[in-house]
Amino acid sequence: MSTDAQVPFLTQEAYDRLVAELENLSTTGRDEIAKRIEAAREEGDLKENGGYHAAKDEQGKQEARIRTLENLLKTAKVGEAPASRGVVEPGTVVTALVAGGEEVFLLGSREIAVGSDLDVYSEASPLGQAILGLKVGEKSSYEAPNGRSISVEIVNVETYTG
């Protein structure tokens, strides 16, 4: 039961960059970690071998990143950022009054905003869920982790240009 709101959006540039990262991590990255683990094993006692434990920890983080990338690339909608129609949707830059203060952010995956100064909120986040589909001038609210209700008003919606 998938909806567009749950499908991550990626620009073609971001998609290509992530494919290259996945390829590197799955090949060269795995080989390098395996060599570091093997070299650390040869040092002896694994219980007190900091290099071994650090390499194993890095291997776990790398494998998690590989799984994240595989899932993202499998499910992402790839293309140009949607042309702004004044409606909040993944891949748009939103200006909103959040709890009375103005914020400008990208709604979507942080992967498409690499190198940008924009804050990024996932469409699955409480804020993202509260504003998805809203038009300029519309208001909503969401519940913060501390239970407080936070008001949001959409001021502007623009096409993300990278």
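A residue is called buried when its relative accessible area is under 20%, and exposed when that area is over 50%. The exercises below apply this term to a predicted model.

**Exercise 1.** Determine how many residues of strand S3 (residues 92–98) are buried, and say what follows for the place of the strand.

*Solution.* Begin with the whole protein chain, where buried residues make up 35% of the 162 residues. Then turn to strand S3, in which six of the seven residues are buried, so the strand is largely enclosed by the rest of the structure.

**Exercise 2.** Find the strands that pair with S3, and state in which sense they run.

*Solution.* Take strand S4 (residues 101–107) to begin with: S3 pairs with S4 over seven bridges, in the antiparallel sense. S3 and S4 form a hairpin with two residues between them, and in this turn Ala 99 has a positive phi of about 55°. Next comes strand S7 (residues 149–159), which is joined to S3 by seven bridges and also runs antiparallel to S3. Val 98 illustrates both pairings, since Val 98 stands opposite Gly 101 in S4, while its bridge partner in S7 is Val 152.

**Exercise 3.** Compare the radius of gyration of the protein chain with that of a compact globule of 162 residues.

*Solution.* For a compact globule of 162 residues one would expect a radius near 15 Å, whereas the protein chain has 20 Å. As a further step, consider the C-alpha trace, which spans about 65 × 35 × 35 Å along its principal axes. The chain that fills these dimensions comprises three helices and seven strands, arranged along the sequence as β-α-α-β-β-β-β-α-β-β.

Conventions
Residues numbered from 1 in each chain as written. Predicted model: local features only at pLDDT ≥ 70, side-chain atom pairs only at ≥ 80, totals over all residues. Heavy atoms only, no water. Helix = DSSP H or I, 4+ residues; strand = E, 2+ residues; numbered from the N terminus. Rg over C-alpha atoms; globule rule 2.2 N^0.38 Å. Buried < 20%, exposed > 50% of the residue type's maximum accessible area, 1.4 Å probe, protein only. Pairing = 2+ DSSP bridges.
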